[in-house]
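The following paragraphs go through one chain, starting from a single residue pair and working outwards. Please keep the sequence and the model in view while reading.

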Amino acid sequence: MILSGRRMQSDSSVVPHSIRRRFSPICYGVRCSAFCLFVLFSVSSSHCLKDSTMENSINISSSQANISMQNSEFLPINTDIQDSGFLPITTMFKLPSPVPKWPAGQAFASGTIDLGGLKVSQISTLNQIWATHEGGPDNQGATFYEPSSIPQGFFMLGAYSQPNNKPLFGWVLVAKDTTNNPSNGSLKMPIDYTLVWSSESSNIKQDGKGYIWLPIPPEGYKAVGHVITNSPEKPPGNKIRCVRSDFTDSIETKAWIWGSNGLNVYSLRPTERGTQALGVPIGSFIAQNGGAALSLSCLKNFKANLSAMPNVQQIQALVQAYSPWIYFHPNEQYLPSTVTWFFQNGALLYQKGQEGKPGTIESTGSNLPQGGSNDGAYWLDLPVDGKTKDKVKKGNLDTAGAYLHIKPIFGATFTDIAIWVFYPFNGPARAKIDLVTIALGKVGEHVGDWEHVTLRVSNFNGELKSVYFSEHSSGIWVDAVDLEFKDGNKPVTYASLHGHAFMPKAGSGIQGNRDIGIRNDTAKSNMLMDTGVRYTVVAAEHLPPSVVVEPPWLNYAREWGPKIDYDIEKEMRKVGKFLIGKLKSAFEKFVRGLPNEVLGEEGPTGPKMKNSWSGDEND
């Protein structure tokens with residue numbers, strides 16, 4: 001069967017839930033004279049944006065900065081302290097609503113996960129050891145912690161650190177040896193410690209002195225985390241455990257946490273990530289002094305145990321709890337639809353060499369060619385009839401739904417729920433060139449558009465930890481602490497005008513740099529979609545094949561739109577004649593450098609053909 005969900009939408013108001021960092025948008029609100037036939041000059045303003053394709057203004061200050069804290073369990077940080085550059089972490093992040101009690105089944109949300117001789121638990125109760133109040137993101141310092149309330153028989157693997165520019169939201173793993181092998185167990189105490197760095201000689205704002213130690217593991221074992229102390233004495237030998245080498249995997253740095261005088265502190269993640277990768281992050285950090293080589297490892301799901309992945313009932317409960325809301329721009333013309341609606345309303349299948357004889361498509365895509373590769377032999381297109389074509393281009397939001405792929409990540413200690421949305425048509429792009437907004441003619445238009453957001457959920461407790469927002473060929477991960485929520489724990493996402501890139505905030509986003517890039521304007525409107533109202537689970541490879549049957553269209557490997565034959569050089573000339581000097585050359589260079597997905601030279605392939613289907617998201 002194909003798992004699907006139906007439930008009533010809610011009209012509850014948005015509940016923003018994060019400490020927003022200071023945002024200084026560049027936005028514009030004055031129309032030009034005759035020069036503005038295609039472009040819009042701008043004047044300095046911190047409040048609104050208006051361009052040649054939009055009659056209404058987007059209020060940047062209200063959508064970015066007017067944030068109210070409505071969760072009584074969460075104490076907001078004083079923004080006056082934030083602006084002063086001094087911010088101790090005094091609050092702990094909580095989701096707006098309590099995490100529900102999940103349906104029973106195997107090890108999902110049981111609190112521990114068995115990695116095959118090593119049982120691990122996720123600890124979010126942390127004791128502060130040392131803090132600095134400058135450096136790091138926003139120059140607000142960082143705080144260092146160690147886990148507390150460690151369960152009986154479990155041991156610390158590493159300390160935790162995060163920047164001071166947001167509430168405490170992290171976690172670390174603790175571990176228990178379950179090999180029953182006293183001489184060669186999965187855990188052993190270090191034989192000594194090396195002092196990586198000390199703040200004794202650092203002229204920084206700090207609470208006391210901080211010391212970062214690297215455990216020296218016994219032969220055949222590896223360190224997976226640091227110890228942090230506030231005194232120069234070495235930590236005791238039983239403070240931490242090293243891990244047997246075959247229970248470890250390689251790591252890479254992820255995000256910068258803090259740095260001072262040659263020391264840099266980073267968060268970590270496994271080097272290899274995807275549905276088949278076994279690396280497990282422990283939530284700790286690495287301290288690199290003077291650019292030294294990486295000295296730590298992560299854990300590994302030794303026996304590729306999938307018992308902590310959610311079952312059918314748990315998946316349904318997760319979707320009900322965390323399904324994102326999507327806001328479409330008030331001027332959006334090209335809305336989503338279901339794949340079935342697209343097929344039933346006249347989408348056509350073309351075959352190379354027989355272009356004059358396109359065929360209709362069955363509602364499930366059962367007559368689409370299956371498997372193979374994107375060899376150009378087939379493609380889809382809109383109906384031929386002009387009136388019907390215009391109708392299909394606009395989509396059908398009233399019946400639109402989401403398509404879900406449930407997959408393991410980080411050695412099955414987390415679940416990724418990739419939520420795919422289909423649009424029959426992608427509208428024309430708009431570019432920002434210095435202070436000018438340019439409509440790019442037909443550039444950016446293409447038939448068929450697949451976009452997605454991905455929820456990353458902890459398999460230890462079922463908590464939402466982060467969300468990935470796809471932006472054309474790439475995207476960004478946003479921690480739960482920085483998300484906007486609506487109706488409890490449902491994240492809010494914004495689909496950009498015409499291009500449908502997903503953004504975590506409303507406003508004028510730019511794909512590129514501050515001087516030149518594709519406009520990804522987003523805003524609230526009365527056009528919105530709860531992805532949990534109509535959804536279908538199209539793939540969950542950890543479940544038996546009989547539980548989730550993939551629809552035929554999912555295995556169509558070719559393009560969901562034809563190759564566009566418009567002349568890009570001609571389109572550039574149409575707009576470029578209104579630009580002069582460096583502005584014109586910068587525009588031409590920018591357009592030629594755009595990827596095909598943005599240029600719209602051809603339709604995209606479907607979700608299963610993307611690298612993220614079996615790999616990690618591209619950030």
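K222 has V243, in strand 19, as its bridge partner. The model is a predicted one, in which local features need pLDDT of at least 70 and side-chain atom pairs count only at pLDDT 80 or more, while totals for chains, interfaces and linings use all residues. Residues are numbered from 1 along each chain as its sequence is written, and side-chain values use heavy atoms, with hydrogens and water left out.

Strand 19 covers residues 242-244 and pairs with strand 17 in the antiparallel sense over two bridges. Here strands are DSSP runs of E with at least two residues, helices are runs of H or I with at least four, and both are numbered from the N terminus. Two strands count as paired if DSSP finds at least two bridges between them. Strands 17 and 19 belong to an open sheet of three strands, ordered 13-19-17, with antiparallel pairing. Strand 13 (187-188) and strand 17 (221-222) are at the edges with a single partner strand each, so one side of each has no neighbour in the sheet. As a rule, the strands of a sheet pair through backbone hydrogen bonds, either parallel or antiparallel.

Another set of pairings centres on strand 16. With strand 14 (residues 192-198), strand 16 pairs in the antiparallel sense over six bridges, and Y193 stands opposite P215 of strand 16. Strand 16 is also joined by three bridges to strand 18 (residues 227-229), again antiparallel; in this pairing W213 faces V227 of strand 18. Strand 16 itself (residues 211-216) is mostly covered, with five of its six residues buried. Buried means under 20% relative accessible area, exposed means over 50%, and partly exposed lies in between (1.4 Å probe, protein chains only).

What does K205 touch beyond its neighbours within four places in sequence? K205 lies in the loop between strand 14 and strand 15 (206-207), and its contacts (heavy atoms within 4.5 Å) outside that range are T132, H133 and E134. Q140 is 65 residues from K205 along the chain, and their C-alpha atoms are separated by 10.0 Å.

A second loop position is P100, between helix 2 (79-84) and strand 6 (112-114). P100 counts as partly exposed because its relative accessibility is 34%. P100 and L318 are 218 residues apart in sequence, with a C-alpha to C-alpha distance of 9.1 Å.

The interior holds three cavities of 30 Å³ or more. A cavity is a set of points, on a 1 Å grid over the protein atoms alone, where a 1.4 Å probe fits but cannot get out; lining residues have an atom within 4 Å of a point. Grid points are joined across faces, edges and corners, and a volume is the space filled by probe spheres set on the points. The second largest cavity has a volume of about 50 Å³. Its lining includes V224, I251, R269, P281 and C298. Strand 22 (residues 263-270) supplies the largest share of that lining, three residues.

For the chain as a whole, the secondary structure comes to eight helices and 43 strands. Of the 619 residues, 57% are buried. Among contacts with a separation of 6 or more, 69% are between residues 24 or more positions apart.

Definitions and conventions. 1 Å grid on protein atoms, 1.4 Å probe; cavity = no way out; pocket = protein on both sides within 12 Å on 5 of 7 lines; lining within 4 Å.
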